[in-house]
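Open the model in your viewer and keep the selection tool ready. Each stop below names what to pick next and what to look for there.

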Amino acid sequence: MAHALHPNYMDKHESNHQPKMHCGLVVKHNANQRYATTAVTATLFRECAAIEGIPTQDFVVRNDQGCGSTIGPILSASLGIRTVDVGVPQLSMHSIREMCGTEDIDICFRHFTAFFNHFAAVDANLDDADMC
């Protein structure tokens, strides 16, 4: 899950990173490594979606705001696998009134299917680009 732009607290988000419900999965970034996303893993994830025309969004925590974490950094460090932290945008995370967009469930399914189907080819293309 990812924090969607809350209409009552719009100032809590960076102006260029305001995830909206019904607009695609959110790739989560954090300079303090609270999320495991790297430039390479974010690119892999976005490119797999782009092949199928699936929208993605980005979220970067403001420097003056606190941030939770995920198990991504732990798994990435302990297993040595490339990791991308993503989520469906939702409002009121951890409250009894948390909600997400109904269209985002289908977008999520299509995105993970595209990732499964296209990862190897996209990864090979990135490896070829590294050789140049």
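Select Arg110: does it count as buried, partly exposed or exposed? Arg110 counts as partly exposed, because its relative accessibility is 33% (buried means under 20% relative accessible area, exposed over 50%, partly exposed in between, with a 1.4 Å probe and protein chains only).

**Before moving on**

This is a predicted model, in which local features need pLDDT of at least 70, side-chain atom pairs count only at pLDDT 80 or more, and totals for chains, interfaces and linings use all residues. Residues are numbered from 1 along each chain as its sequence is written, and side-chain values use heavy atoms, with hydrogens and water left out.

Colour by pLDDT, the predictor's confidence in each residue, from 0 to 100. The chain has a mean of 83, and 84% of its residues reach 70 or more. Among the elements, helix α1 (residues 39-51) has the highest mean, 94, and α2 the lowest, 74. Helices (H or I, at least four residues) and strands (E, at least two) are DSSP runs, numbered from the N terminus. Where pLDDT is low, the predicted coordinates should not be read in detail.

**Stop 1: the salt bridges**

Side chains of opposite charge can pair when their charged atoms come close. A salt bridge is a side-chain nitrogen of Lys or Arg within 4 Å of a carboxyl oxygen of Asp or Glu. The structure holds three.

Stay with Arg110 and add Asp106. Their side chains meet in a salt bridge, 3.1 Å from N to O. The two are four residues apart in helix α3, so about one helical turn separates them. Asp106 is partly exposed, because its relative accessibility is 41%.

Next, pick Asp123 and Arg82. Their closest N and O atoms are 3.0 Å apart in a salt bridge. This pair links distant parts of the chain: Asp123 sits in helix α3, Arg82 in the loop between α2 and β4 (86-87), 41 residues apart. Asp123 is buried at 13% relative accessible area. Arg82 is partly exposed at 46%.

Now take Asp58 and Arg46. Their salt bridge spans 2.8 Å, N to O. Asp58 belongs to strand β3 and Arg46 to helix α1, twelve residues away. Both are partly exposed: Asp58 has 23% relative accessible area, and Arg46 has 26%.

**Stop 2: strand β3**

Show the side chains of residues 56-60. Which ones are buried? Gln57 and Phe59 point to one face and are buried, while Thr56, Asp58 and Val60 point to the other and are not.

Add strand β2 (residues 25-29). Five bridges join β2 to β3, and the two run parallel. Strands pair if DSSP finds at least two bridges between them. Look for Val27 opposite Asp58.

**Stop 3: the three-stranded sheet**

Select β1, β5 and β6. They form an open sheet in the order β1-β5-β6, with mixed pairing. The edge strands, β1 (2-3) and β6 (99-100), each pair on one side only. β1 and β5 (residues 89-91) are parallel, with two bridges. Ala2 stands opposite Pro89.

**Stop 4: two exposed residues**

Pick Phe116 in helix α3 (residues 102-131). Phe116 is exposed, at 71% relative accessibility. Add Cys48: the C-alpha atoms are 8.5 Å apart, across 68 residues of sequence.

Finish at Leu79, in helix α2 (residues 72-79). Leu79 is exposed too, at 57% relative accessibility.
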